[in-house]
Amino acid sequence: GTRDVVTISITDNDTAPTISLAASGIDIRESADSVSITVTLSSATGQSVSIDYATSSGTAAATSDYTAVSGTLNITASQTSKTFTVPIRDDGLDESDEQFTVTISNPSGLTLGAVTSLVVTILDDDEAPPTGAPIFRSTTTTDADAYYKPGDTVSILTDLGETGLTV
C-alpha cells in the first residue's frame, strides 16, 4: 500500500524565562579581592541566552575603590544561573563605606525580572589614624595611601640623593 505523509508543525509558544540579579544589595569588605554577582533565571531554557551587565559609580570611584566592568553574560541551555566578578581595590584609607551599582539590561531570549540593579556597599576596614598627634600623609605616587606619625622615619628621594627624615 501507499503511505500518507503528514507534516506536523509545532509552534514554540513557551514563555521566555525571566532573569534577575540574585540580590538587591551586597556588602563586601574593602580588603576582599572581588565581589561575585549572580544572575538567576526563573527556569532553564532549551537554548543559549544572554544578558548585558555594567557597573556605575556612586560614592565609590571606579578608579580607586573598584574596577568598572561591563560585558555580556552568555548562559547556555539548561543553566539557571551565571556569575561574574567585579574587582575591589583596597585604597588603604580610613573612610566611610562606599557604594556602586551593578545593572543588567538588554536580555536576549529572556525577559527582565524584578531585580535589574543592585547596590554593592564596600565596607571600609582600614584603621583610623592615631588621634592626639599630627598625622602626615604621603603625597607621592608610590605610597599615596601611607600615613606617618611622629617618630616614624621615611626616606625622601631628592635631586641630591636619598635621605632619611624623622617626622
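This passage looks at the aromatic pairs of the structure and at a nonpolar patch on its surface. The model is predicted.

A search of the whole structure turns up two aromatic pairs. One of them joins Tyr-53 and Phe-84, whose rings are stacked, with 3.9 Å centre to centre and 25° between the planes. Tyr-53 belongs to strand S4 (residues 49-57) and Phe-84 to strand S6 (residues 81-87), so this contact ties together parts that are 31 residues apart in sequence. Tyr-53 counts as buried, since its relative accessibility is 15%, and Phe-84 is buried as well, at 6%.

Tyr-66 and Phe-100 also form a stacked pair, with 3.9 Å centre to centre and an angle of 10° between the planes. Here a loop meets a strand: Tyr-66 sits in the loop between S4 and strand S5 (70-75), while Phe-100 lies in strand S7 (residues 98-108), so the pair ties together parts that are 34 residues apart in sequence. Tyr-66, with a relative accessibility of 1%, counts as buried. Phe-100 is buried too, its relative accessible area being 0%.

Turning to the surface, Val-6, Ile-8 and Ile-10 make up a nonpolar patch, and together these residues have about 410 Å² of accessible area. Ile-8 is found in the segment before strand S1 (18-21). With a relative accessibility of 70%, Ile-8 counts as exposed, because the cut-off for that class is over 50%.

Technical notes:
Residues are numbered from 1 along each chain as its sequence is written. This is a predicted model: local features need pLDDT of at least 70, side-chain atom pairs count only at pLDDT 80 or more; totals for chains, interfaces and linings use all residues. Side-chain values use heavy atoms; hydrogens and water are left out. Patches are made of residues with over 30% relative accessible area and no salt bridge: like charges are joined within 9 Å, nonpolar side chains (Val, Leu, Ile, Met, Phe, Trp, Tyr) within 5 Å. Accessible areas come from the Shrake-Rupley method with a 1.4 Å probe; for residues, only the protein chains shown count as cover. A salt bridge is a side-chain nitrogen of Lys or Arg within 4 Å of a carboxyl oxygen of Asp or Glu. Helices (H or I, at least four residues) and strands (E, at least two) are DSSP runs, numbered from the N terminus. Buried means under 20% relative accessible area, exposed over 50%, partly exposed in between (1.4 Å probe, protein chains only). Rings of Phe, Tyr and Trp (its six-membered ring) pair if their centres lie within 6.5 Å; planes under 30 degrees apart count as stacked, over 60 as edge-to-face and the rest as tilted.
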